[in-house]
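Student: I'm new to this one and would like a close look at a single part, the place where two of its helices meet. Could you walk me through it?

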Amino acid sequence: MTTAPSLADPTFAIQAAQANKPPAHSNDPAKAKQAAQDFEAQFLSQMVEHMFAGVGTGGMFDGGHGEEMFRSMLFDQYGKALARAGGVGIADAVQREILRVQEGK
């Protein structure tokens with residue numbers, strides 16, 4: 001039988017501090033580009049969601065509860081597709097800023 005670590009145990013404090021430390025920065029442009037594209041995709045999916053807020057779903061082709069559940073996933077995919085296709089230019093600015101911050105300028 002194992003016991004849970006005690007808060008008074010110094011190794012517990014060291015392990016907790018190491019688990020919560022921020023990740024090391026890397027000046028990898030490919031990772032910065034991917035992070036920027038992911039950010040833009042999330043932004044665009046939120047925009048698409050607001051665009052469709054007023055669109056009704058009733059009528060003969062009403063999707064019911066299933067449509068309600070999967071509509072947010074559809075908006076996420078729209079956002080990713082828009083970002084992959086070039087987006088609206090947010091990813092480029094975000095990537096430049098990520099790289100600038102990582103360089104420490």
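Student: Before we zoom in, what does the accessible surface of the protein come to, and what percentage of it belongs to carbon and sulfur atoms?

Tutor: Sure, and keep in mind that this is a predicted model. The accessible surface comes to about 8300 Å², and 61% of that belongs to carbon and sulfur atoms. Of the 105 residues in the protein, 12% are buried. The secondary structure is easy to take in: four helices and zero strands, so along the sequence you read α-α-α-α. If you take the contacts with a separation of 6 or more, 83% of them join residues 24 or more positions apart.

Now for the close look. Helix α2 covers residues 29–51 and helix α4 covers residues 90–103. Their axes lie 8 Å apart, and the two helices pack at an angle of about 135°. An angle over 145 degrees would count as roughly antiparallel, and 65 to 115 as roughly perpendicular; α2 and α4 are therefore oblique to each other. Their crossing is right-handed.

Who does the touching? On the α2 side, the contact is made by Pro29, Ala32, Lys33, Ala35, Ala36, Gln37, Phe39, Glu40 and Phe43. Facing them from α4 are Ile90, Ala91, Val94, Gln95, Ile98 and Leu99. Sort this contact by class and you get 11 nonpolar residues, two polar and two charged. Lys33 and Glu40, both on α2, belong to the charged class, while Gln37 of α2 and Gln95 of α4 fall in the polar one.

Conventions. Residues are numbered from 1 along each chain as its sequence is written. This is a predicted model: local features need pLDDT of at least 70, side-chain atom pairs count only at pLDDT 80 or more; totals for chains, interfaces and linings use all residues. Side-chain values use heavy atoms; hydrogens and water are left out. Axes are lines fitted to C-alpha atoms, for helices over the stretch in contact, and angles run from 0 to 180 degrees between N-to-C directions. Angles under 35 degrees count as roughly parallel, over 145 as roughly antiparallel, 65 to 115 as roughly perpendicular and the rest as oblique. A crossing is left-handed if the near helix is turned anticlockwise from the far one by less than a right angle, and right-handed if clockwise. Contact means heavy atoms within 4.5 Å. Buried means under 20% relative accessible area, exposed over 50%, partly exposed in between (1.4 Å probe, protein chains only). Accessible areas come from the Shrake-Rupley method with a 1.4 Å probe; for residues, only the protein chains shown count as cover.
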